[in-house]
Amino acid sequence: MTPGDQEETQPLLRPPGGSAPRGRRVFLAAFAAALGPLSFGFALGYSSPAIPSLRRAAPPALRLDDAAASWFGAIVTLGAAAGGVLGGWLVDRAGRKLSLLLCAVPFVAGFTVITAAQNVWMLLGGRLLTGLACGIASLVAPVYISEIAYPEVRGLLGSCVQLMVVIGILLAYLAGWVLKWRWLAVLGCVPPSFMLLLMCCMPETPRYLLTQHKRQEAVAAMQFLWGSEQGWEEPPVGAEHEGFHLAQLRRPGVYKPFIIGISLMAFQQLSGINAVMFYAETIFEEAKFKDSSLASVIVGIIQVLFTAIAALVMDRAGRRLLLALSGVVMVFSTSAFGAYFKLTQGGPSNSSHVDLLAPVSMEPASVGLAWLAVGSMCLFIAGGAQALRCLLAGRCLLHLQCPLHSGLCP
């Protein structure tokens with residue numbers, strides 16, 4: 001890294017002498033922004049409990065066939081792809097705060113359309129809108145949080161983004177255990193509505209304000225968030241983010257981490273982790289579970305726990321070791337789950353159509369197979385959670401070493 005690159009990594013506002021801010025409003029602002037990832041997770045997990053209910057509905061009630069149910073779960077990713085592109089445009093032109101405010105609109109609109117749905121197209125349209133919001137939130141929320149946080153808490157608050165996503169998935173699974181799909185969609189409007197209200201009271205990030213040459217507003221935002229406005233210095237203009245040019249991909253320091261990061265993220269997505277999240281309850285129903293909702297909730301709890309564990313041990317164990325370990329765990333667990341389906345193909349005699357919490361003395365072979373399925377899926381989710389957390393952190397580390405970055409990764 002050249003001295004010029006090191007200069008770019010400096011924050012736009014920094015305390016002299018290494019003094020640490022003590023403002024607590026930064027945590028409130030981070031929580032308000034983190035409601036975006038929470039809504040993101042809820043939207044991802046919504047299809048898991050909603051699809052079985054919609055497939056079981058009897059005419060004239062709205063019902064999904066197998067093809068429509070598949071689209072209902074997957075179409076959110078198409079919206080998220082578009083939202084990622086839109087979010088990248090919004091975050092630099094509209095600002096971080098306004099982008100978060102705007103992404104609350106398709107969240108609420110999408111869940112409202114689902115709540116009022118009278119046909120399959122309304123369901124798909126609502127899911128597409130929530131996917132669009134997911135794409136924007138997944139890009140803008142980490143940027144907002146990293147830019148408002150002072151260095152001593154930036155890593156902590158940055159780790160909360162992925163944790164809030166998996167908590168949102170777990171909330172969807174828990175709520176889907178007791179709520180019908182329409183009421184579950186109503187509940188999905190709550191987190192983005194709270195985000196909209198709270199973000200109205202939060203300031204724009206000081207860094208974005210400085211890039212717009214609004215130093216007075218930046219200092220006011222700093223005072224609100226960090227509790228002090230005195231003694232802060234503004235570094236040279238060269239510290240501002242420079243645009244990306246395709247010619248820079250010829251440099252080994254750019255294209256090597258770029259290829260590694262993109263490849264790892266692609267393989268992680270192709271592992272099937274999203275399919276499990278979208279169709280968890282359907283998967284367990286196909287596996288002949290009596291209480292597929294409970295099995296899904298167990299999977300969601302495991303995901304939250306291992307996401308938190310990965311954030312705690314990642315710096316000590318190292319990203320490479322955890323990625324290799326998670327890959328081995330995911331291969332083993334999917335193989336075990338495939339073996340479970342093979343064992344239960346023989347007919348009712350091999351069925352695991354038993355209560356997940358049934359005593360071992362009752363149908364021991366079936367109960368054993370039931371726990372094989374749950375255990376293998378829990379291992380798969382645990383490995384996937386560790387892999388995703390490591391990839392997100394690794395992406396930030398590669399970003400920090402890259403001269404194209406803004407110096408503000410969590």
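Aspartate 92 and arginine 96 join their side chains in a salt bridge, with N and O 3.6 Å apart. The model is a predicted one, and the distances and areas given here are computed from it. The contact falls inside the cut-off, because a salt bridge requires a side-chain nitrogen of Lys or Arg within 4 Å of a carboxyl oxygen of Asp or Glu. Aspartate 92 is partly exposed, at 44% relative accessibility. Arginine 96, by contrast, is buried, with a relative accessible area of 9%.

Arginine 96 has a further partner. It forms a salt bridge with glutamate 147, where the closest N and O atoms are 2.7 Å apart. This pair connects distant parts of the chain: arginine 96 belongs to helix H4 (residues 96-115) and glutamate 147 to helix H5 (residues 120-148), with their positions 51 residues apart in numbering. Glutamate 147 has a relative accessibility of 7% and therefore counts as buried. Asp92, Arg96 and Glu147 are thus linked in a network of salt bridges. As background, side chains of opposite charge can pair when their charged atoms come close.

The whole structure contains three salt bridges. One of them lies outside the network just described and pairs the side chains of aspartate 66 and arginine 55, at 2.7 Å from N to O. This pair also links distant parts of the chain, with aspartate 66 in helix H3 (residues 66-93) and arginine 55 in helix H2 (residues 25-56), 11 residues apart. Aspartate 66 has a relative accessible area of 54%, so it counts as exposed. Arginine 55 has 24% and is therefore partly exposed. The cut-offs behind these words are under 20% for buried and over 50% for exposed.

The remaining feature concerns nonpolar side chains. Leu171, Leu174, Trp177, Val178, Leu179, Trp183, Val186, Leu187, Val190, Phe194 and Leu197 form a nonpolar patch on the surface, and together they have about 1000 Å² of accessible area. The elements that contribute two or more residues to the patch are helix H6 (151-178), helix H7 (181-188) and helix H8 (190-199). Helix H6 supplies the largest share, four residues.

Tryptophan 177 is a member of the patch and is found in helix H6. Its relative accessible area is 40%, which means that tryptophan 177 is partly exposed. That value also meets the requirement for patch residues, because they need over 30% relative accessible area and no salt bridge.

How values were computed: Residues numbered from 1 in each chain as written. Predicted model: local features only at pLDDT ≥ 70, side-chain atom pairs only at ≥ 80, totals over all residues. Heavy atoms only, no water. Patch = residues over 30% accessible without salt bridge, like charges linked within 9 Å, V, L, I, M, F, W, Y side chains within 5 Å. Areas by Shrake-Rupley, 256 points an atom, 1.4 Å probe, with all protein chains shown as cover. Buried < 20%, exposed > 50% of the residue type's maximum accessible area, 1.4 Å probe, protein only.
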